[in-house]
Structure formats: C-alpha cells, structure tokens
Amino acid sequence: MAYDFRSARFWASEIIRGALPEGGCAVDATLGNGHDALDLAQLVGERGHVTGFDVQPEAVAASRARLEAAGVAQRCTLVLDGHQHMRDYLAPESADVVLFNLGWLPGAAHAVTTRTETTLQAVNAALEVLKFGGVLTICVYPGHDEGARERDALLAWAQALDQTRFDAMLRCYLNQHKNPPLLIAVKKNLRKAAQSV
Ligand code: SAM
C-alpha cells in the first residue's frame with residue numbers, strides 16, 4: 001500500500017504516543033464525541049488519568065457514553081466547562097499532555113465552535129498545567145472564518161514563545177487548497193540546570 005501523509009489528528013496522536021507514559025496524566029481540552037479522550041484513556045491505562053472539557057452537555061454525554069462502553073470511564077473526569085478555566089481543575093505542572101482539537105462538535109450545529117479569544121486563554125493555561133517535559137498538541141481547522149482567525153492567532157502565539165522554555169513546531173500541507181487542518185505542537189522544556197545558574 002502507498003504511504004499516506006495522513007492528517008493533523010494523526011500527527012498529534014503520533015506525538016502524544018511518544019509523550020504520554022502508561023500511568024500518566026492527560027487532558028483533552030475539547031471532548032467533542034470522545035474519540036480523542038478514549039485514545040488518551042487507553043494510553044494512560046488503569047493507573048493513569050484523563051481530564052476532559054467541553055462546553056456542550058451533549059458532548060460530555062457522548063464522551064461519557066463512549067468511555068463507559070470501552071470500560072475506561074473510571075479513569076476519566078469529564079468537566080462541563082470551558083477549557084480556558086482548566087486551571088480551576090488541574091494543578092500546575094500536573095499533565096504529561098494536553099490535546100486540543102478545535103472547531104465544532106462533529107454532527108452538531110456549527111454555532112458552538114472554539115473561539116480565538118478563549119482558545120488563546122486556554123493554550124496559555126495549558127502551558128501552566130503541563131509538566132516540565134510535557135507536550136501540548138493543537139489541531140486547527142482553518143477552513144472556516146473563526147478557524148482561520150484561530151490559526152493566525154495561534155501561529156503568532158507559538159512563534160512568540162520563549163525559546164529557552166518551549167519548543168514550538170508546525171506541521172501542515174503546503175499545496176492543498178482546501179485548507180486542511182494543521183498541527184501546532186509545543187513542548188515545555190525540562191528545567192535546565194543552566195537556567196538556574
Ligand atoms: N476531540 C473531539 C473528538 O474526539 O470527537 C473533537 C472535538 S470538536 C472538533 C471541538 C469541541 O470543542 C466541540 O465539542 C465544542 O463544543 C468544544 N468547545 C468549544 N468551545 C469550547 C471551550 N471553550 N472549552 C471546551 N470545549 C469547547
């Protein structure tokens with residue numbers, strides 16, 4: 001079979017597989033229908049934990065149903081609240097990975113979508129919640145107006161991160177004109193001995 005470059009969600013999962021240990025702590029900042037939360041719950045295993053956020057009750061319910069059906073709901077805490085408030089639920093430096101899959105709930109009305117202003121608040125909160133060495137992944141969907149605004153704001157945000165504290169990267173298609181999703185990933189660097197000297 002021919003090799004397939006695949007998509008931003010796949011690239012994010014590749015990174016997360018490398019960054020999330022069994023027994024680890026993961027955050028799904030956009031639960032949606034719970035597909036990402038289920039992947040995270042399976043990766044952390046019985047000793048790990050997943051905290052998920054969504055502003056739509058139907059998204060939290062759909063995620064809970066998916067996690068229960070897979071027998072992993074006990075290792076998950078689902079929160080009906082905006083991801084911009086994640087610091088109210090999670091201690092600083094407590095998460096190995098934080099995952100964002102922006103946009104609207106698949107199969108639902110498009111009126112409730114992630115918004116640039118709260119997304120920026122949330123990714124800054126995520127950097128505080130991440131452990132040193134932890135990783136943040138953000139799948140961005142620039143094919144709609146608000147998604148294009150999120151892309152522009154997030155690229156500017158990521159480019160401005162202090163290079164001594166974070167590694168920020170972008171993965172995207174260069175020649176596809178239907179605005180496929182792109183991936184921004186940020187690693188919170190380990191505290192370097194040199195930084196305290
Ligand atoms: N990860 C999901 C999955 O596996 O099915 C897909 C996520 S979907 C593309 C984006 C979700 O973000 C929607 O369910 C939407 O309700 C949610 N959302 C919008 N604004 C939010 C906010 N401020 N905080 C948390 N979730 C939000």
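## Glutamate 128 and arginine 87

Glutamate 128 has a relative accessible area of 40%, so this residue counts as partly exposed. In this predicted model, the side chain of glutamate 128 forms a salt bridge with arginine 87, and their closest N and O atoms are 2.8 Å apart. Glutamate 128 belongs to helix α4 (residues 116–129), while arginine 87 sits in the loop between β3 (76–80) and β4 (95–101); the salt bridge therefore ties together parts that are 41 residues apart in sequence. Arginine 87 is also partly exposed, with a relative accessible area of 41%.

## Arginine 9 and aspartate 36

The structure holds nine salt bridges. One of them joins the side chains of arginine 9 and aspartate 36, with an N to O distance of 2.7 Å. Because arginine 9 is in helix α1 (residues 8–19) and aspartate 36 is in helix α2 (residues 35–44), this pair ties together parts that are 27 residues apart in sequence.

The two partners fall into separate accessibility classes. Aspartate 36 has 10% relative accessibility and counts as buried, since buried means under 20%. Arginine 9, at 35%, counts as partly exposed.

## A network around arginine 9

Arginine 9 also meets the side chain of aspartate 39 in a salt bridge, at 3.6 Å from N to O. This pair links distant parts of the chain, with aspartate 39 in helix α2 and arginine 9 in helix α1, 30 residues apart. Aspartate 39 is partly exposed at 30% relative accessibility.

Through salt bridges that share partners, Arg9, Asp36 and Asp39 are joined into one network.

Conventions. Residues numbered from 1 in each chain as written. Predicted model: local features only at pLDDT ≥ 70, side-chain atom pairs only at ≥ 80, totals over all residues. Heavy atoms only, no water. Salt bridge = Lys/Arg side-chain N within 4 Å of Asp/Glu carboxyl O. Helix = DSSP H or I, 4+ residues; strand = E, 2+ residues; numbered from the N terminus. Buried < 20%, exposed > 50% of the residue type's maximum accessible area, 1.4 Å probe, protein only.
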